[in-house]
Amino acid sequence: ARAAMAYAHFFYPLFALGEAHLYRAAEAAVTLKCTTMGGPKPKKSLEQKLDWLKSRGILTAEAREGWDSLRTMRNESSHPKFQSIVPPNMAVFMLTDIANEINALFSARPLAARQ
(Lines give C-alpha, C1' and ligand atoms only; values in the text may rest on other atoms or scores of the structure.)
Protein backbone atom coordinates (compact mmCIF):
# COMPACT_ATOMS: atom_id res chain seq x y z
CA ALA A 1 0.00 0.00 0.00
CA ARG A 2 2.75 2.40 0.96
CA ALA A 3 4.79 1.70 -2.19
CA ALA A 4 1.78 2.19 -4.45
CA MET A 5 1.12 5.53 -2.80
CA ALA A 6 4.75 6.57 -3.15
CA TYR A 7 4.66 5.87 -6.89
CA ALA A 8 1.26 7.55 -7.17
CA HIS A 9 3.07 10.86 -7.11
CA PHE A 10 3.86 10.06 -10.75
CA PHE A 11 0.64 8.21 -11.62
CA TYR A 12 -2.43 9.25 -9.57
CA PRO A 13 -4.52 6.08 -10.12
CA LEU A 14 -2.06 4.26 -7.87
CA PHE A 15 -3.48 6.17 -4.89
CA ALA A 16 -6.73 4.21 -5.30
CA LEU A 17 -4.79 0.94 -5.58
CA GLY A 18 -2.81 1.80 -2.45
CA GLU A 19 -5.99 2.63 -0.57
CA ALA A 20 -7.56 -0.70 -1.56
CA HIS A 21 -4.48 -2.47 -0.22
CA LEU A 22 -4.82 -0.56 3.05
CA TYR A 23 -8.28 -2.03 3.56
CA ARG A 24 -6.93 -5.52 2.91
CA ALA A 25 -4.14 -4.91 5.43
CA ALA A 26 -6.71 -3.78 8.00
CA GLU A 27 -8.77 -6.93 7.44
CA ALA A 28 -5.64 -9.09 7.73
CA ALA A 29 -4.83 -7.39 11.04
CA VAL A 30 -8.30 -8.14 12.41
CA THR A 31 -8.01 -11.76 11.29
CA LEU A 32 -4.58 -12.07 12.92
CA LYS A 33 -5.85 -10.54 16.17
CA CYS A 34 -8.78 -12.97 16.26
CA THR A 35 -6.56 -15.94 15.42
CA THR A 36 -4.03 -15.14 18.15
CA MET A 37 -6.85 -14.82 20.69
CA GLY A 38 -8.59 -18.06 19.70
CA GLY A 39 -11.45 -16.22 18.03
CA PRO A 40 -13.48 -16.86 14.90
CA LYS A 41 -11.88 -18.82 12.09
CA PRO A 42 -10.27 -16.82 9.25
CA LYS A 43 -13.14 -17.77 6.90
CA LYS A 44 -15.69 -15.88 9.02
CA SER A 45 -16.82 -12.47 7.79
CA LEU A 46 -15.01 -9.32 8.84
CA GLU A 47 -18.19 -8.16 10.55
CA GLN A 48 -18.32 -11.33 12.67
CA LYS A 49 -14.67 -10.91 13.63
CA LEU A 50 -15.23 -7.28 14.63
CA ASP A 51 -18.27 -8.25 16.70
CA TRP A 52 -16.19 -10.92 18.43
CA LEU A 53 -13.43 -8.44 19.25
CA LYS A 54 -16.01 -6.01 20.64
CA SER A 55 -17.59 -8.74 22.77
CA ARG A 56 -14.15 -9.47 24.26
CA GLY A 57 -13.54 -5.83 25.14
CA ILE A 58 -10.79 -5.35 22.56
CA LEU A 59 -12.87 -2.81 20.64
CA THR A 60 -14.99 -0.14 22.29
CA ALA A 61 -18.38 0.69 20.80
CA GLU A 62 -16.82 3.79 19.22
CA ALA A 63 -13.87 1.85 17.79
CA ARG A 64 -16.28 -0.79 16.46
CA GLU A 65 -18.16 1.91 14.53
CA GLY A 66 -14.89 3.16 13.07
CA TRP A 67 -13.94 -0.34 11.97
CA ASP A 68 -17.40 -0.74 10.47
CA SER A 69 -16.74 2.33 8.33
CA LEU A 70 -13.47 0.77 7.19
CA ARG A 71 -15.34 -2.46 6.43
CA THR A 72 -17.81 -0.55 4.25
CA MET A 73 -15.01 1.20 2.37
CA ARG A 74 -13.23 -2.14 1.97
CA ASN A 75 -16.37 -3.61 0.41
CA GLU A 76 -16.73 -0.67 -1.96
CA SER A 77 -13.10 -0.88 -3.09
CA SER A 78 -13.26 -4.67 -3.50
CA HIS A 79 -16.49 -4.56 -5.52
CA PRO A 80 -16.30 -1.22 -7.37
CA LYS A 81 -19.24 0.06 -9.35
CA PHE A 82 -17.18 2.94 -10.77
CA GLN A 83 -13.58 4.10 -11.08
CA SER A 84 -12.28 5.70 -7.93
CA ILE A 85 -9.99 8.71 -7.88
CA VAL A 86 -8.21 9.32 -4.59
CA PRO A 87 -6.49 12.70 -4.09
CA PRO A 88 -3.07 12.65 -2.42
CA ASN A 89 -4.19 14.30 0.82
CA MET A 90 -6.99 11.74 1.28
CA ALA A 91 -4.60 8.86 0.56
CA VAL A 92 -2.12 10.09 3.19
CA PHE A 93 -4.96 10.57 5.68
CA MET A 94 -6.21 7.02 5.09
CA LEU A 95 -2.70 5.59 5.37
CA THR A 96 -2.21 7.32 8.71
CA ASP A 97 -5.70 6.52 10.00
CA ILE A 98 -5.60 2.82 9.15
CA ALA A 99 -2.07 2.46 10.55
CA ASN A 100 -3.30 4.03 13.81
CA GLU A 101 -6.32 1.70 13.93
CA ILE A 102 -4.15 -1.38 13.37
CA ASN A 103 -1.66 -0.25 16.01
CA ALA A 104 -4.48 0.37 18.49
CA LEU A 105 -5.89 -3.08 17.79
CA PHE A 106 -2.64 -4.73 18.81
CA SER A 107 -1.92 -2.49 21.77
CA ALA A 108 -5.32 -3.18 23.33
CA ARG A 109 -5.31 -5.50 26.31
CA PRO A 110 -7.82 -8.36 26.50
CA LEU A 111 -10.86 -7.82 28.75
CA ALA A 112 -9.56 -10.32 31.34
CA ALA A 113 -6.35 -8.32 31.76
CA ARG A 114 -8.29 -5.10 32.43
CA GLN A 115 -10.14 -6.41 35.49
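**Exercise 1. Where is Gly 66 found?**

Begin with the ground rules. This is a predicted model, in which local features need pLDDT of at least 70 and side-chain atom pairs count only at pLDDT 80 or more, while totals for chains, interfaces and linings use all residues. Residues are numbered from 1 along each chain as its sequence is written, and side-chain values use heavy atoms, with hydrogens and water left out.

Step 1. Look for the element: Gly 66 is found in helix H4. Helices (H or I, at least four residues) and strands (E, at least two) are DSSP runs, numbered from the N terminus.

Step 2. Check the exposure. Gly 66 counts as partly exposed, at 31% relative accessibility. Buried means under 20% relative accessible area, exposed means over 50%, and partly exposed lies in between (1.4 Å probe, protein chains only).

Step 3. Find a partner for a distance. Asn 100 is 34 residues from Gly 66 in sequence, and their C-alpha atoms are 12 Å apart in space.

**Exercise 2. Describe the overall build of the protein.**

Step 1. Count the elements. The protein has six helices and zero strands, so that its order from the N terminus reads α-α-α-α-α-α.

Step 2. Put a box around the C-alpha atoms. Along the principal axes, the box is roughly 50 × 25 × 20 Å.

Step 3. Look at burial and surface. Of the 115 residues, 33% count as buried. The accessible surface is about 7,300 Å², and 59% of this belongs to carbon and sulfur atoms. Such areas come from the Shrake-Rupley method with a 1.4 Å probe; for residues, only the protein chains shown count as cover.

Step 4. Look at the contacts, meaning heavy atoms within 4.5 Å. Among contacts with a separation of 6 or more, 54% join residues 24 or more positions apart.

**Exercise 3. Work out how the charges are placed, and follow the pair Arg 74 and Glu 27.**

Step 1. Take the charges as a whole. The protein has 15 positive and 10 negative charges, and their mean positions are 10 Å apart. Lys and Arg count as positive, Asp and Glu as negative, and His and the chain ends are not counted. Each charge is placed at NZ of Lys, CZ of Arg, CG of Asp or CD of Glu.

Step 2. Recall the principle. Side chains of opposite charge can pair when their charged atoms come close.

Step 3. Count the pairs. The structure holds four salt bridges; a salt bridge is a side-chain nitrogen of Lys or Arg within 4 Å of a carboxyl oxygen of Asp or Glu.

Step 4. Pick out one of them. Arg 74 and Glu 27 form a salt bridge whose closest N and O atoms are 2.6 Å apart. Arg 74 belongs to helix H4 (residues 61–78) and Glu 27 to helix H2 (residues 13–36), so the pair ties together parts 47 residues apart in sequence.

Step 5. Compare the exposure of the partners. Arg 74 is buried at 14% relative accessible area, whereas Glu 27 is partly exposed at 22%.

Step 6. List the neighbours. Leaving aside residues up to four places away in sequence, Arg 74 touches Tyr 23, Glu 27 and Leu 46.

**Exercise 4. Trace the salt bridges around Asp 68.**

Step 1. Start with Arg 64. Its salt bridge with Asp 68 has closest N and O atoms 3.4 Å apart. The two residues are four residues apart in helix H4, a separation of about one helical turn.

Step 2. Turn to Arg 71. Arg 71 also forms a salt bridge with Asp 68, with closest N and O atoms 2.8 Å apart. Both lie in helix H4, three residues apart, about one turn of the helix.

Step 3. Join the pieces. Salt bridges that share partners link Asp 51, Arg 64, Asp 68 and Arg 71 into one network.

Step 4. Sort by exposure. Arg 64 is buried at 8% relative accessible area, and Arg 71 is buried at 15%. Asp 68 counts as partly exposed at 25%.

**Exercise 5. Explore the loop between H1 and H2.**

Step 1. Find Phe 10. Phe 10 sits in the loop between helix H1 (2–7) and H2 and counts as exposed at 70% relative accessibility.

Step 2. Find Tyr 12. Tyr 12 is in the loop between H1 and H2 too, and is partly exposed at 46%.

Step 3. Measure across the sequence. Tyr 12 and Val 86 are 74 residues apart in sequence, yet their C-alpha atoms are 7.6 Å apart in space.
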